[in-house]
Amino acid sequence: MNIKNLNDNILTRAWKERYNAQSESIKKQLDHLYHADPSEYKLKVIKRKRIQPQEGDVFLVSPRENIYFYGKVLCTNIRNPYDNWINGQNMVVIFKCKTDIISMEKYNPNYDDLLVKPTIVTKQYWSNGSFYTIDNIPLTNLEKNLDYGFYDAFNNCFISETGAKIDHQPKIICSKGISTLSGISYFIERELIMDKT
């Protein structure tokens with residue numbers, strides 16, 4: 001596959017469509033973010049904990065002082081025979097529901113409007129204090145059967161976190177690979193720029 005095809009796929013086209021639908025002032029902010037140093041949108045440290053995330057953990061992430069978004073761990077200790085980098089990692093989602101205190105009071109997950117779609121992360125997010133676990137809620141049937149998949153641009157197909165091919169276009173299409181510490185904060189900042197509510 002050539003570079004042109006890698007840069008023109010279902011994910012890049014969806015992003016271009018969203019970007020073009022924004023006002024000129026929002027586009028300027030998005031352009032600035034794209035070229036910004038990651039220190040400009042670094043996640044706040046909530047509390048460092050040397051824990052191993054567990055399936056069902058509900059955690060908080062803070063892009064601004066006293067603003068927290070809820071996230072949930074959907075899968076831990078991933079086993080992927082095709083990608084050693086992913087082995088042992090965790091898969092999370094981050095919701096648009098937010099709070100100004102460390103509490104479960106406003107936890108109201110909505111998988112139809114996610115802040116960050118399913119993404120694979122290391123436990124470093126917890127050890128450096130960017131993610132802070134506050135509860136554990138067993139996965140619901142909806143969560144166990146969530147229709148998501150990672151887009152593999154090299155092979156033009158959808159795969160699960162285990163590397164298995166998916167035979168349909170999932171409802172939730174995610175980026176393949178492990179999200180870096182700056183990657184999650186970038187995705188959150190981008191969504192905050194576009195969603196002024």
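This section describes helix packing, nonpolar cores, aromatic pairs and selected residues in a predicted model.

Helix α3 spans residues 24-35 and comprises 12 residues. The distance from its first C-alpha to its last is 17 Å, close to the 16 Å expected at 1.5 Å a residue. Four of its positions are listed as buried, namely Ile26, Lys27, Leu30 and Leu33. Viewed down the axis of α3, these buried residues lie within an arc of 120°, so they line one face of the helix. An α-helix has 3.6 residues a turn, so residues three or four places apart point the same way. The buried residues of α3 pack against α2 (10-20) and α6 (181-194). On the face turned away from this buried side, α3 carries the exposed residues Glu24, Lys28 and His35.

Nonpolar residues of the interior were then examined. The largest nonpolar core contains 26 residues. The residues with the most contacts inside this core are Tyr70, Leu74, Met91, Phe95, Tyr111, Tyr148 and Phe150. Two or more core residues are contributed by each of β1, β2, β3 (90-99), β4, β6, β7 and β9 (172-175). A second, separate core has 16 residues, among them Phe59, Phe69, Val92 and Phe131. In soluble globular proteins, nonpolar side chains tend to be buried together.

The surroundings of phenylalanine 150 illustrate the contacts made by a member of the largest core. When residues up to four places away in sequence are not counted, phenylalanine 150 touches Met91, Pro118, Thr119, Ile120, Cys157, Phe158, Ile159, Ser160, Glu161, Cys174, Ser175 and Lys176. One of these partners, serine 160, is placed in the loop between β7 and β8 (165-166). Serine 160 counts as buried because its relative accessibility is 17%, below the 20% limit for that class. Its side chain is joined to that of threonine 162 by a polar contact of 2.7 Å. Apart from neighbours within four places in sequence, serine 160 is in contact with Phe150 and Ile166.

Leucine 114 belongs to strand β4, which covers residues 114-121. With a relative accessible area of 12%, leucine 114 is buried. Its contacts, excluding neighbours within four places in sequence, are Val93, Ile94, Phe95, Lys96 and Ile172. Of these, Phe95 is listed among the residues with the most contacts inside the largest core. The C-alpha atom of leucine 114 is separated by 15 Å from that of tryptophan 15, a residue 99 positions away along the chain.

Aromatic side chains form 12 pairs in the model. In the pair of tyrosine 151 and phenylalanine 158, the ring centres are 5.5 Å apart and the planes meet at 55°, so the arrangement is tilted. Both tyrosine 151 and phenylalanine 158 are buried. The pair of tyrosine 186 and phenylalanine 187 is edge-to-face, with 6.1 Å from centre to centre and 65° between the planes. Tyrosine 186 is buried, at a relative accessible area of 16%, whereas phenylalanine 187 is partly exposed, at 29%. In addition, Phe59, Tyr125, Trp126 and Phe131 form one aromatic cluster. Phe59 and Phe131 are also included in the second nonpolar core.

Serine 62 lies in strand β1 (residues 57-64) and is buried, at 2% relative accessibility. The side chain of serine 62 reaches the backbone oxygen of arginine 64 at 2.6 Å. A polar atom of the same side chain lies 3.0 Å from the backbone oxygen of isoleucine 67. Beyond residues up to four places away in sequence, serine 62 touches Leu43, Lys44, Ile46, Ile67, Tyr68 and Ser130.

Two asparagine residues have positive phi values. Asparagine 66, although not a glycine, has a phi of about 60° and is placed in the loop between β1 and β2 (67-75). For asparagine 156, phi is near 50°, likewise positive in a residue other than glycine. Asparagine 156 is found in the loop between β6 (148-152) and β7 (157-159), and its relative accessibility of 53% places it in the exposed class.

Notes:
Residues numbered from 1 in each chain as written. Predicted model: local features only at pLDDT ≥ 70, side-chain atom pairs only at ≥ 80, totals over all residues. Heavy atoms only, no water. Buried < 20%, exposed > 50% of the residue type's maximum accessible area, 1.4 Å probe, protein only. Contact = heavy atoms within 4.5 Å. Polar contact = N/O pair within 3.5 Å; in protein donor to acceptor, adjacent residues only side chain to side chain. Expected span 1.5 Å × (residues − 1). Arc of directions from axis to C-beta. Core = buried A, V, L, I, M, F, W, Y, C linked by side-chain atoms within 4.5 Å. Phe/Tyr/Trp six-rings, centres within 6.5 Å; stacked < 30°, edge-to-face > 60°.
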